[in-house]
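Subject: The structure we talked about

Hi,

Here is the structure I promised to pass on. Have a look at it first, then read my notes underneath.

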Amino acid sequence: MHLTWYLIVSALIFCIGAGGVLTRRNPLVILLCIELMLNAANLALVGFSRVHGNMDGQIFALIVMVVAACEVAIGLGLIVALFRRRLPIDVDELRELQG
Amino acid sequence: MSLQTFGWLVLAFPLAGAVLIGLTFKLGGRIHGLVGTLAIALSFASAIGAFVKLQDLPHESRQVVAVGWRYAVTSGLDAKVSILLDPLSVFMMLVVSGVSMLIHLYSVAYMGGDRGYSRFFAYLNFFVFSMLLLVEAANFVLLIVGWAFVGAASYFLISFWYRRTTATAAGIKAFVINVAGDVGLVLGTFFIFKHSGSLDFLTTFGSVQDKFTHNDGDLVAGCVLLLVGAFAKSAQVPLHTWLPDAMEGPTPVSALIHAATMVTAGVYLIARMHPLFEQAPTAADVGAIIGCLTLLIAATIGLVVTDLKRVIAYSTMSQIGYMVMGVSSAAYAAGMFHLMTHAFFKALLFMAAGSVIAAMAGIQDLDRMRGFRRAMPFTFGCMIVGGLALSGFPPFSGFFSKDEIIALLLARGDWHIVLGVLGYVGSLLTAIYTFRMIFRAFYGEPNEEARELEHGHLHHAEHPTNPMTGEIEDTDVGFPGPEHHIAEWELPMKLAMGALAVLAIVGGVVQIPKVTDALHTFLEPSFADSHIYATLEPSGTLTWIGLIIGAAISATGIFIAYTLYVRRPAVPAALRSRFAPLHRVFVNKWYFDEGIDLLFVRPGGWLGRFAATTFERVVVQGALVGGSTGLVGLASAAVRRIQTGYLRYYAALLLLGITSLGAYFLVSA
Amino acid sequence: MAEVIFFIAAIGAVAGAVGTVALRNPFYCVLALVCHLLALAALFLLLRAEFVAAAQVVVYAGAVMVLYVFVVAYVGGADEPLTGSTGSPLRLASLLFALALFVELTIALVGTSLAALDSDGSPYKAGFGTPAQVGELFLTKFLVAFELASLLLLIAAVGAVILARRRAGLTEPHEISVADVLRRPNITAGSGAPETMIEAGGPPQR
C-alpha cells in the first residue's frame, strides 16, 4: 500500500482526537482522546519506518508508548486525587487558574 | 630627597593632617590645633626643600613633571595624576603653605573654646591640601579636581558655624557661584582640549602655536570660559557677590581663604595659562578690563561699608583686580609679586581685625568701634603696618608690588595706559578706605569695650548674638564658642601676626625696581615661552615717575582719611548727604545682588516651581507615568481575557496555534 | 489481500476513534479505545512492525487500558450531558479547528512531492521488525533513550503513588485547604478594604 493511505488514516485519527479533547468535559475522556492522538503519531512513525527500511521509527514508537503509559498513570492519579477531594470531575468547573 | 619627592610631600602632609584630625576628632583640648599647624609646617618645609632642589637644576630645565600614576591614558586621552614642579608652582607652594602655617598658628589660639575646634582644623588642612593640589597640578584634570575641592573646602569653612542661618546661606551662595565658575573652567578645558588633544599642561602649551591661529575663535572662547572660572573663584565682577557674604566664616578662614590663597587661584590660573592667553589676546584683554572694573567698583564700595571684615573683603576684591589686570597684560612676575605681598598684609589685616572683633565680643560693626589705640597697642601696630602696605606707602612691600603692576601697564602702551591710570585712581581710593577703617576703629574717644580692656578686662556680651541680624544664639556646637581671644594676650596669635608684619614690611626687597630682580629671574623659566615677559620692562624714567606718583598718591589718601575721620569727623556725614544717590549706589554694592536675583534667582525659582507642580503633575505623572502604565494595564487587561480557566479553551488555542503554524509552512513551501 | 485487511483495520480504527470521542458514557469510551488499539495493532502488522504490534496489544491495550477501566470504575462515569457551561460556540469552534487541521494535513500529504510517498518503500529486509532487531537497537544505538525511558517510568510510578495516596492530615476536620478558603466568602471579617487575596475572597475581578 502506498504510505499515503496510512498517513491519511493517521491524520484523521489525530484530528478526531483533537476534536475530542476540545469537546469533552470529562477529564478521563480527554485523556483517552490524547491517547488517540499519540496513537496516530505512532502509526505515522511506523509507516515511515517501513518506507525507509529503517528501524528507528519503530523504536521511536515504542518510546512514545512508554511515555504515553507514564502520562496516563499521572493523569489518572490526578483524577483520583480530584475525586477524593470531592471536586467535580468536570474541566469546566475546575478553573481556579483564571484571571 | 629628590625634587619630586618634595613635591609629593608638600601634598601629603596636609592630607595626612586632615585625615588624622578627622579620624580622631573626639580628642579634646588644643592637640588638633597643634597637629594641624605641624602638618602645614612640614608641608612648608618640604616646599622649601623643593625650592632648594629646583635651584639646583639648570635654568632651562626647571619645569619638572612628576607622574604619580596614569589615571586614564588611552588614545586621545592622557589623564594622569601628575604634578608640575616649576618656579611658578614652587612659588605658589611657598606662599600658600607659608601663610597657611601662620594662620594655623593664629587659629590655635583664636578658635580656642569653640566646640568645633577639631573640625575646623581638619577642614583647614583639607583646604590647604586642595589649594596645593590646584597649584601643583600638571594637567587640566587635576587642576579641575583641585579647583572643585577648594570650592568645597570654602563651603565647609564659610558655613562652619552651621547653626547660623546667615552663615549657611552665605556658604550656599559661595558654592553656587563657584560651581558656575567650575562649569566655565570645564567648558574652557574642553574647548582647548578639542584642538590640542592633550590634557597635559606642558604638551598643550608647547603645541599652542601649531594648533591655534592667532585669536582663533575656539581658543578665545576657551580662554574666556577659563576666565569665567577664574572670576568666580577670585571674586571679580560679576561673579563677586559671594565674597562679602563669605565673611560669615571665622576670621582665620577669611584670612586664609578669602585673602591669601583661594581667591588668588584665578590669578594663578591666568598666569599658568599664559601661552593660551598670549595666543588669544582678546581673552586677555577681557581679563584686564574686568580686573580694572573690579578694582574700581570694589574700592568705591569699600568707602561706605560699615562692617569691619567687609571693608577688608572689598579691599581683597580690589587688590585681586590689580593682580588679574596685571597677569592679563603679561605682567606675570608683577602680578605674582603682588599676590605674595597681598597675602602677607591682607592676612595680617584680617588677623588684626579678628583681634578687634574679639575685643568687641563678636560685634563687627565699624560704627560701634572707637578708640582702641591705647587698649590694644599690638593689634593697632599690626593694623597700621598692614594698612600702610595695602595703601602702597613706601618702603612697605605693597608699594613695590602695586607700583610694578601699574608701571608695566603703562609701559605696555596703547590702551593699557588707561588701565594704569585707573590703577592709580584705585590706589588713591584704597588708601582712603583703608585708613578710614583704621582711624575709625582705633582713634577717637575709647568706647565702652575699649575702656574695659584698658582696665584689663575683656568685654563679654550678655547674650551672644549674630553680628548681622542680632539674633540671640548660644555657644554650643555650630555657633561660635564662648571665649574670645585677642592678640595681646595670646602668644600664638602674637607670633603669627608678628611674622606677617615683618614680611609685610620687608617683603618688597625681592623686587625693588632697578635694584633687585630676584622674583622676575626666579619665575623666568615658567614664562620662557612668553614673547612679552622678557621684553616688557618700564624704562628708567617711567619707573621713577611711577614710584614717586605711587608714594604721593598713598600719602595723599592717608592724609585725606586723616582729615575726614580724625580732624573733622563731621565732614563724612555732610558728604554723605551731599552725594546721597551715589552713596546709595555704593552702599547697595552697585545693586549687583539685586541684579543677579532678578536675572537668575527669580527665573530659577519660577522654573523650579513650574517644574515641580505643573510639569511634574501633567507631563511626568500624567503622560509619561500614567500613560505608560495605563497602556500596559490596558494591554494586559486585554490579554488577561484569554486566561478563562477552561482547560478546553486552552487546548483549542493550542490546536489553533499548530494549525496556523502548519498553514504557514504549507504556504511558504 | 493486503488492501482488504488494510481497509478493514482502518475502518475499525476510525470507528473506534469516533466512538471514543462521541460516546457519552466514559466506560463505553474506554471500550471503544480498546477496539481502536486492536485495529491499530493490525495496521502495524501490515507495516511489518511485529514487535510494535505485540507491544501495542500487550502493553497498551492490555495494561494501560486495564488501568483506565479500574479508574473509571472507581471514579464513576456519569453520563455527560451534551451541552456544557461553555455552550455551543466553543464546541463549534473546536470542531472547525479540528477539521481545519485535517484538511491542512491532507493537503500537505497529497499535495507534496515526497518521492517516498509514491513508491512502495524499500525492499523488505529479513529480520525487519523482529524483537531481535528491536532489542539490538535498544541496547546499542538508542541506549540512552532506553535508560531515560526506564527512569521516566520510575518517576511516573512514584508520582502516581504520591498523587493518589490518602493524604494524612488534610482530612482532619479543623484543617482547611486553600481551595475551600478561597471558596468561602468573607473568611477573615476584617474592617476596611481587604488587604490580601484571602480576605478579598479571590483575585481582584477586573
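Below is what I found, going from the separate chains to the places where they touch.

First, some housekeeping. This is a predicted model, in which local features need pLDDT of at least 70, side-chain atom pairs count only at pLDDT 80 or more, and totals for chains, interfaces and linings use all residues. Residues are numbered from 1 along each chain as its sequence is written, while chains are lettered from A and ligands numbered from 1 in the order in which they are written.

**How confident is the prediction?**

The model scores ipTM 0.90 and pTM 0.68. For chain C, the average pLDDT (the predictor's confidence in each residue, from 0 to 100) is 80, and 71% of the residues score at least 70. Within chain C, α2(C) has the highest confidence with a mean of 94, and α5(C) the lowest with 55. Keep in mind that where pLDDT is low, the predicted coordinates should not be read in detail.

**Chain A**

Chain A has three helices and zero strands; both kinds of element are DSSP runs, numbered from the N terminus, with helices being H or I over at least four residues and strands being E over at least two. Of its 99 residues, 59% count as buried. Buried means that 20 or more other C-beta atoms lie within 10 Å of the residue's own, exposed means 12 or fewer, and partly exposed is in between, with C-beta atoms placed from the backbone. Among contacts in chain A with a separation of 6 or more, 44% are between residues 24 or more positions apart; two residues are in contact if their C-beta atoms, placed from the backbone, lie within 7 Å.

One residue to click on is Arg86(A), in the segment after α3 (56-84) of chain A. Its phi is near 60°, a positive value in a residue other than glycine. Arg86(A) counts as exposed because it has 7 C-beta neighbours inside 10 Å.

**Chain B**

Chain B has 27 helices and two strands. Buried residues make up 52% of its 669 residues. Here 81% of the contacts with a separation of 6 or more come from residues 24 or more positions apart.

Why is helix α11 (residues 251-260) of chain B largely enclosed by the rest of the structure? Because 10 of its 10 residues are buried. Among them are Val253(B), Leu256(B), Ile257(B) and His258(B). The cover over these buried residues includes α3 (87-110), α4 (117-136), α15 (308-328) and α16 of chain B.

α16(B) (residues 332-359) also packs with α17(B) (residues 377-391) at an angle of about 145°, with their axes 9 Å apart. Axes are lines fitted to C-alpha atoms, for helices over the stretch in contact, and angles run from 0 to 180 degrees between N-to-C directions. The residues of this contact divide into 10 nonpolar, four polar and no charged. In that scheme Ala, Val, Leu, Ile, Met, Phe, Trp, Tyr, Cys and Pro are nonpolar, Asp, Glu, Lys and Arg are charged, and the others, Gly among them, are polar.

A few backbone oddities are worth finding too:

- Val237(B) and Pro238(B) are joined by a cis peptide bond, with omega about -5°; Pro238(B) is in the loop between α9 (217-234) and α10 of chain B.
- Another cis peptide bond joins Pro394(B) and Pro395(B), with omega about -10°; Pro395(B) is in the loop between α17 and α18 (397-412) of chain B.
- Trp590(B) has a positive phi of about 60° although it is not a glycine. It is partly exposed, with 16 other C-beta atoms within 10 Å.

**Where the chains touch**

How many residues of chain C are in contact with chain A? There are 72, and they meet 61 residues of chain A. On the chain C side, α4(C) gives the most, with 11 residues. That side divides into 53 nonpolar, 13 polar and six charged residues.

A good place to zoom in is α2(A) (residues 27-52) against α2(C) (residues 26-46), whose axes come within 10 Å and cross at roughly 5°. The two helices are therefore roughly parallel to each other (under 35 degrees; over 145 is roughly antiparallel, 65 to 115 roughly perpendicular and the rest oblique). Residues meeting here include Leu32(A), Leu36(A) and Leu43(A) from α2(A), and Leu33(C), Leu37(C) and Phe44(C) from α2(C).

Chain C also has 11 residues in contact with 12 residues of chain B.

Cheers
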